[in-house]
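Student: Can we go through this one together? I'd like to know what stands behind the words people use for it.

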Amino acid sequence: MSDPTRKLTNIDDPAEFRDRISSITDDGKRNWVYPRQPKGKFYNARTWFSYLLLAIMFAGPFLTINGRPLLLLNILERKFIIFGMAFWPQDSFIFVLATLTFIVGILLFTVIFGRLFCGWVCPQTVFMEMVFRKIEYLIDGNANQQRKLKVQDWNAEKIIKRIVKHGVFWGLSFVIANTFLAYIIGKDELLKIITEPVSQHLTGFGIMVVFTSVFYFIYASFREQVCTLVCPYGRFQSVLLDDQSIVVAYDFVRGEKRGNPKKRSAEELGDCIDCNQCVEVCPTGIDIRNGTQLECVNCTACIDACDTIMEKVKKPKGLIRYDSFNGISRGEKRSLTYRNVGYSAVLVLLVVFFFGLLFTRSDLETTVLRSYGTLYQELDNNHYTNLYTVKVLNKTFDKIPIQFKLLEPAGKLNMVGHDLQVDSQEKAQGAFFIDLSGDELTGTETKLKIAVYSGDRLVETVKTSFMGPRL
Ligand code: SF4
Ligand code: SF4
């Protein structure tokens, strides 16, 4: 078995760390990371912030606006509700734009603030470090106790601790899985799966078991490897970060040469006393003194650890801090680069466009088509008629009465039967004739503009064409 306590820094070969991943041993086996629990202002701030995020996430499926879920992403039935507004596959362009805005936002943030998202907001970090890891410290003890427990024989203590820990992990994974499921199928459906006989909800129950197993596997076993081996976002770092990006960084100017002041003269040493505390707390098992690395999720644990040491040795805090490479190497203050300005401008435009689309989105989706297989009809007074089929999708939660009016050119619109009423979240179909004078025709195809009204309110306008004789 590998020695999990081995130091990860090889000062004789400073680039050696690039040849391996700290969670995998040289012979290709898993090198379990036992990070020490951080203490400090960043850890406290992250703890409170993660509680806020967790509260929002767990409350999300149960919050309603006018009796509708705040957020429902039912991919299976293609039903989406965001902030109480229903979205349909017809609104997919809004989703595409929202996704684009989100991606550009994340990229922009990465360029300026490094992986701030990973350390503070990413659900993987929040659950792993702020929920599961804390429970592990409570049950298995601190990092050293965890190492001892791992190698000790299977006695009563180890068996009980393992059963309790994995039982709690499984239970929590079940809760998380159910919450995710509630976002997809809604809380009422979820409640049915939980309370009604399994035989009535075999698919739902199966999905629930799969979700729970995946979450359990990630937090009980796979852990930091999600960030270091799987997450594509980490891979973008090398192209997104530049010398001005703010990241969790070690001040090598101030810190080097590192060394134990008891063993070497103070004049030849920098502020880093080589205590290895920044490595001990790192949940991905890396040494931040090697520089910015793909595995660093900017969790700030090493900042807290080093600040504590600096306090003890009576040196200024911030040997590891949020700073840019230029900030550390040249003492430069942050400034806006052309790239940052460009990204910001694109992001602002996308956000404005996105909210514009969101709030000007029509409550109805109307399609007007000339009835299949019909030609125009010629009436005796130089008038012509076309028959149209109309389909209306009601995206709201209210029943909507619909009337149609011909806006352009002048003419008559006569419904076949009565006006349409479209139930909440339903589609309705009807038909109408358009009657135009021959004087209004512009050729075999005349452009039409039709208004869709609900009472006095103009809901939307639709364009179609009118077929007439060759003039
Ligand atoms: S915690 Fe600070 S002083 Fe200790 S090894 Fe890390 S950088 Fe050096
Ligand atoms: S190097 Fe520091 S900030 Fe990066 S993952 Fe490790 S402890 Fe967190």
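Tutor: Sure. Domain bounds here come from an automatic or database domain assignment, and keep in mind that this is a predicted model. The protein chain is split into domain 1 (1–361) and domain 2 (364–467). Taken over C-alpha atoms, their centres are 54 Å apart.

Student: How do you know that domain 1 and domain 2 are in contact?

Tutor: Contact means heavy atoms within 4.5 Å. Eight residues from domain 1 and seven residues from domain 2 take part, so we call it a contact.

Student: What makes up the area they bury?

Tutor: Buried area is what two parts lose in accessible area on being put together, summed over both. For domain 1 and domain 2 that comes to about 730 Å², with 65% of it on carbon and sulfur atoms. On the domain 1 side, Arg 68, Trp 88 and Gln 90 supply 66% of the area buried against domain 2, more than any other three residues.

Student: What classes of residue does domain 1 use to touch domain 2?

Tutor: Three nonpolar, two polar and three charged residues.

Student: How many salt bridges does the rule find across that interface?

Tutor: Zero. The rule asks for a side-chain nitrogen of Lys or Arg within 4 Å of a carboxyl oxygen of Asp or Glu. The count of residue pairs in polar contact between domain 1 and domain 2, both at pLDDT 80 or more, is zero too.

Student: Why is the aromatic pair of Phe 132 and Tyr 219 called stacked?

Tutor: Ring centres must lie within 6.5 Å, and planes under 30 degrees apart count as stacked. Phe 132 and Tyr 219 have 4.5 Å centre to centre and 10° between the planes, so the pair is stacked. Phe 132 sits in helix α4 (residues 123–140) and Tyr 219 in helix α8 (residues 202–222), 87 residues apart, so the pair links distant parts of the chain. A search of the whole structure finds 17 aromatic pairs.

Student: What makes the backbone worth a look?

Tutor: Most residues other than glycine have a negative phi, and most peptide bonds are trans. Yet a cis peptide bond joins Glu 256 and Lys 257, with omega about -10°. Lys 257 lies in the loop between α11 (252–255) and α12 (277–280). Another cis bond joins Glu 408 and Pro 409.

Student: And which sign does phi of Thr 300 have?

Tutor: Positive, near 75°. Thr 300 is in the loop between α12 and α13 (301–312).

Definitions and conventions. Residues are numbered from 1 along each chain as its sequence is written. Chains are lettered from A and ligands numbered from 1 in the order in which they are written. This is a predicted model: local features need pLDDT of at least 70, side-chain atom pairs count only at pLDDT 80 or more; totals for chains, interfaces and linings use all residues. Side-chain values use heavy atoms; hydrogens and water are left out. Buried area is the accessible area (1.4 Å probe) that two parts lose on being put together, summed over both. A polar contact is a pair of N or O atoms within 3.5 Å; within protein, one must be able to donate a hydrogen and the other to accept it, and residues adjacent in sequence count only if both atoms are side-chain atoms. Ala, Val, Leu, Ile, Met, Phe, Trp, Tyr, Cys and Pro count as nonpolar, Asp, Glu, Lys and Arg as charged, and the others, Gly among them, as polar. Rings of Phe, Tyr and Trp (its six-membered ring) pair if their centres lie within 6.5 Å; planes under 30 degrees apart count as stacked, over 60 as edge-to-face and the rest as tilted. Helices (H or I, at least four residues) and strands (E, at least two) are DSSP runs, numbered from the N terminus.
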